[in-house]
Amino acid sequence: MKSLCIDLFNNCSATSLAGTRSSRVLTYRFQRTNYQTHLPSTKLTFSSYFTKTCFATLSAVTSEVEEKQTFNPDKAGELVKELRNSFNSGRTKSYEWRMSQLENIAKMLEEKEKEITEALYKDLSKPEVEAFISEIVTAKSSCNEALKELRQWMIPQKVNTSITTFPSSAEIVSEPLGVVLVIATWNFPFLLSVDPVIGAISAGNAVVLKPSEIAPATSSLLAKLVEEYLDNSAVKVVEGAVPETTALLEQKWDKILYTGSARVGRIVMAAAAKHLTPVILELGGKSPAVVHSDVDLQVAVKRIIAGKWALNNGQACIGVDYIITTKDFAPKLIEALKIELEQFFGKDPMNSKDISRVVSSTQFKRLAKMLDEDKVSDKIVLGGQMDENQLKIAPTILLDIPEESQLMQEEIFGPLMPIVTVEKIEDSFDVINSRPKPLAVYVFTNNEQLKKGFVENISSGGMLINDTVLHVSITGLPFGGVGESGMGSYHGKFSFDGFSHKKAVLYRSFSGDSSLRYPPYTPEKQRLLKAVISGDIFSIILALIGWSK
């Protein structure tokens with residue numbers, strides 16, 4: 001809009017814009033639907049003498065803006081075709097190409113750390129240290145591991161063969177799938193964009209990244225950085241909102257990785273099913289923290305806060321959604337949380353610089369509605385302060401809210417923390433198992449039997465004993481959900497595998513050809529064939545000499 005106004009004014013002299021008898025008024029409304037931002041109408045007055053010049057400029061600039069704004073299924077199809085041609089040329093499959101792209105990502109993370117941090121602050125008011133640890137360092141770790149391990153990952157895996165194929169050898173070859181789509185989310189908008197792309201490139205694919213429009217500063221930066229650092233014939237960024245994502249989903253991909261809500265996950269999966277495209281869905285859910293009375297309470301509480309309010313202010317799929325503890329222990333736990341929250345964020349957390357804001361007005365209103373629900377607001381034992389202008393909600397703890405409330409039925413994804421009490425800690429098994437399988441479960445206890453019971457009896461994407469969220473930092477562990485919390489996994493070697501096809505290859509020579517497999521099937525051949533398949537050496541010998549058991 002700014003460039004439009006400048007162009008118009010540059011083509012219309014100051015004298016022609018004022019004091020004329022014959023004039024026209026032009027109203028032009030510019031709506032950028034990608035980010036749900038609406039700029040006010042701009043009214044410009046032109047003399048009739050200069051109208052033709054101004055309209056010509058307006059027409060040219062408007063066409064240019066519309067051309068840049070339009071991304072329909074046809075353009076999406078052209079994009080996929082371009083990337084498929086690049087992939088089919090073989091350029092992305094080589095070890096050298098993969099390494100060069102990973103090295104460029106590593107270079108980008110070093111050189112653009114400040115810009116990345118600034119973008120995350122614009123989108124989420126994410127504190128610099130939190131942005132560095134949770135997004136930049138984690139992305140660096142993924143990239144560095146891929147650089148270190150890629151050659152080993154690419155080596156075919158040898159497999160034993162059987163007597164029925166003797167002489168032979170076999171291996172599993174990891175081959176790239178082709179052209180893949182990564183649809184990222186807004187809560188960790190840099191990490192959850194770059195990390196899957198690292199996996200896709202490591203596996204030798206061409207890739208399209210669709211960042212989240214809800215984090216526009218990070219989305220714009222990613223588009224700029226990918227164009228600057230990576231091979232644009234094989235790696236592309238498409239910015240936009242629902243129309244652009246819809247256009248992309250209409251295309252045939254070789255794999256789609258989506259991070260976000262279960263509702264949109266179903267839409268992605270339905271679109272993928274039309275082309276039989278496999279998917280990795282990272283969805284989330286209500287991840288509980290179970291706190292037994294035998295814990296080191298101060299340490300446990302600090303780690304819970306770190307996995308909730310110090311983690312994007314609760315806006316994390318792996319964040320603690322609610323706490324389960326016993327009725328007797330709840331008062332001690334709440335008091336400890338109050339003390340440590342004040343230590344972390346001060347007496348007035350609304351003014352703390354160490355806590356992120358809510359990402360958007362839409363998310364703020366959703367959380368406020370949850371808190372204002374009947375029989376919920378009176379259960380607040382700490383916090384509850386809200387400032388819609390700043391999109392801030394204080395860390396809020398609620399005790400024993402109704403089971404049917406939105407807070408207990410939906411993933412919270414914010415700074416609200418319900419505490420559910422049970423008579424004995426073992427009752428938490430039923431509470432968790434009565435709900436859809438969560439992305440993570442956190443258990444705080446020193447009781448070895450209780451630890452074993454959770455591991456054996458609770459199904460979840462991941463589980464962490466006596467801490468929160470840190471399991472995702474272990475690259476040797478897969479990160480992914482189960483059931484409603486998602487399907488498929490990535491991180492480290494699992495990212496490489498997730499974007500690869502495991503091709504079974506058997507090698508044979510022309511020697512050692514047996515007539516057993518070919519007709520006519522005589523009784524002698526039948527006996528010998530059954531003996532060979534059974535693997536019983538004694539039966540094989542008997543069959544060869546014409547005897548049977």
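This text walks through a predicted model of one protein chain, from its overall makeup to its cores, its surface and its salt bridges.

Start with the whole chain. It has 549 residues, and buried residues make up 50% of them. The chain holds 19 helices and 22 strands. Now consider its contacts between residues with a separation of 6 or more. Of these, 71% join residues 24 or more positions apart. The outside can be described too. The chain exposes about 26800 Å², and carbon and sulfur atoms supply 54% of that area.

Next, look inside. The largest nonpolar core has 109 residues. Within this core, Phe190 and Ile323 touch the most other members. The core draws on two domains, with at least three residues from each: domain 1 covers 74–283 and domain 2 covers 288–480. What surrounds Phe190, once neighbours within four places in sequence are left aside? Phe190 is in contact with Met108, Leu109, Ile116 and Leu120. Glu135, Ala139 and Thr218 also touch Phe190, as do Leu222 and Leu225. Another core lies apart from the one that holds Phe190. This other core has 29 residues, among them Met370, Val376, Leu391 and Ile458.

Now move to the surface. Val129, Phe132, Ile133 and Val137 form a nonpolar patch there. Together these four residues have about 330 Å² of accessible area. Val129 is found in helix α6, which spans residues 128–154. Is Val129 buried or exposed? Val129 counts as exposed, because its relative accessibility is 59% and the cut-off for exposed is over 50%.

Charged side chains come next. Side chains of opposite charge can pair when their charged atoms come close. A search of the whole structure finds 19 salt bridges. One of them joins the side chains of Lys236 and Glu82, at 3.2 Å from N to O. Lys236 sits in strand β9 (residues 235–237) and Glu82 in helix α3 (residues 73–88). The two are 154 residues apart, so this pair links distant parts of the chain. Glu82 counts as partly exposed, at 38% relative accessibility.Helix α3 also holds Arg84. The side chain of Arg84 meets that of Asp254 in a salt bridge, at 2.9 Å from N to O. Asp254 lies in the loop between α9 (242–249) and β10 (255–259). This pair is 170 residues apart and again links distant parts of the chain. How do its two members compare in accessibility? Arg84 counts as partly exposed, at 24% relative accessibility. Asp254 counts as buried, because its relative accessibility is 19% and buried means under 20%.

A further salt bridge joins Glu484 and Arg266. Their closest N and O atoms are 2.7 Å apart. Why does this pair tie together separate parts of the chain? Glu484 lies in the loop between β20 (462–465) and β21 (486–487), while Arg266 lies in helix α10 (residues 262–273), so the bridge spans parts that are 218 residues apart in sequence. Glu484 is partly exposed, with a relative accessible area of 38%. Arg266 is partly exposed as well, at 48%.

Finally, salt bridges can be followed beyond a single pair here. Glu110, Glu113 and Lys140 are linked in a network of salt bridges.

Technical notes
Residues numbered from 1 in each chain as written. Predicted model: local features only at pLDDT ≥ 70, side-chain atom pairs only at ≥ 80, totals over all residues. Heavy atoms only, no water. Core = buried A, V, L, I, M, F, W, Y, C linked by side-chain atoms within 4.5 Å. Buried < 20%, exposed > 50% of the residue type's maximum accessible area, 1.4 Å probe, protein only. Domains from an automatic or database assignment. Contact = heavy atoms within 4.5 Å. Patch = residues over 30% accessible without salt bridge, like charges linked within 9 Å, V, L, I, M, F, W, Y side chains within 5 Å. Areas by Shrake-Rupley, 256 points an atom, 1.4 Å probe, with all protein chains shown as cover. Helix = DSSP H or I, 4+ residues; strand = E, 2+ residues; numbered from the N terminus.
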